[in-house]
Amino acid sequence: ERTKRRALVIADNMCKLVPDITEIQPFLPTLIPLVKKATQNISDPEVRSVATRCFTTLETADKADRRRFISKDAVLRMLQEKIIEEKRELVSDLVLEYVAGLCACMSACRSFE
């Protein structure tokens, strides 16, 4: 229970310290069910209160304005539209899929440098 308490305190504090709430939103679908389960299953009342506090923080982050993410398929369609038909055979589908995945990931991470 001590380890769970520490993990919950760390998750709660990290959520509060992140300058842009949208940076933690990709992790929320994984974290929220685990913390919710902890609020229901932990027997120690003090640790359960920490779990409840963390769960409240995560729910608040989940309800915050979500940034729209571009999907890999949307990027792939854009790339296919932009490549000139004469040059299309020079670029394999595997390369296009890879570049589309990278672009979608970088967009989600707001990595534009």
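Let's start with a term: a residue is called buried when its relative accessible area is under 20%, exposed when it is over 50%, and partly exposed in between, with a 1.4 Å probe and protein chains only. By that yardstick isoleucine 21, at 29% relative accessibility, counts as partly exposed.

What you have here is a predicted model, so local features need pLDDT of at least 70 and side-chain atom pairs count only at pLDDT 80 or more, while totals for chains, interfaces and linings use all residues. Residues are numbered from 1 along each chain as its sequence is written, and side-chain values use heavy atoms, with hydrogens and water left out.

## The overall picture

The chain has five helices and zero strands, running α-α-α-α-α from the N terminus on. Helices (H or I, at least four residues) and strands (E, at least two) are DSSP runs, numbered from the N terminus.

How does the chain's radius of gyration stand against that of a compact globule of 113 residues? The chain has 20 Å, where such a globule would have a value near 13 Å. That radius is taken over C-alpha atoms, and the globule rule is 2.2 Å times the number of residues to the power 0.38. Along the principal axes, the C-alpha atoms fill a box of roughly 70 × 25 × 20 Å.

Of the 113 residues, 25% count as buried. The accessible surface of the chain is about 8,400 Å², and 59% of that belongs to carbon and sulfur atoms. These areas come from the Shrake-Rupley method with a 1.4 Å probe; for residues, only the protein chains shown count as cover.

Contact, from here on, means heavy atoms within 4.5 Å. Among the contacts in the chain with a separation of 6 or more, 69% are accounted for by residues 24 or more positions apart.

As for charge, the chain has 19 positive and 17 negative charges, and their mean positions are 8 Å apart. Lys and Arg count as positive and Asp and Glu as negative, with His and the chain ends not counted. Each charge is placed at NZ of Lys, CZ of Arg, CG of Asp or CD of Glu.

## Where H1 meets H3

Aspartate 12 is found in helix H1, which covers residues 2–17. Is this aspartate 12 buried or exposed? It counts as buried because its relative accessibility is 1%. Leaving aside neighbours within four places in sequence, aspartate 12 is in contact with Arg53, Cys54 and Thr57.

Threonine 57 sits in helix H3 and is buried too, with a relative accessible area of 15%. With the neighbours within four places in sequence again set aside, threonine 57 is in contact with Asp12, Cys15 and Lys16.

Now the cysteines. The structure holds zero disulfides, a disulfide being a pair of cysteine sulfur atoms within 2.5 Å. Cysteine 15 is in no disulfide, and the nearest cysteine sulfur, that of cysteine 54, is 6.1 Å away. Likewise, cysteine 54 is in no disulfide. Cysteine 15 counts as buried at 9% relative accessibility, and cysteine 54 is buried with a relative accessible area of 0%.

Cysteine 15 turns up again as a partner of isoleucine 21, which is found in the loop between H1 and helix H2 (28–41). Not counting residues up to four places away in sequence, isoleucine 21 touches Cys15, Ala61 and Ala64.

## Partly exposed spots on H3 and H4

Serine 49 lies in helix H3, residues 45–63, and counts as partly exposed at 41% relative accessibility. Threonine 56 lies in helix H3 as well and is partly exposed at 44% relative accessibility.

Over in helix H4 (residues 72–82) is lysine 72, partly exposed at 37% relative accessibility. Which residues does lysine 72 contact, leaving aside its neighbours within four places in sequence? They are Glu97, Ala100, Gly101 and Ala104.

## Some C-alpha distances

Here are a few pairs, with how far apart they are in sequence and in space.

| Pair | Apart in sequence | C-alpha to C-alpha |
|---|---|---|
| Serine 49 and arginine 5 | 44 residues | 9.6 Å |
| Threonine 56 and leucine 17 | 39 residues | 15 Å |
| Lysine 72 and cysteine 15 | 57 residues | 27 Å |
| Isoleucine 21 and leucine 79 | 58 residues | 30 Å |
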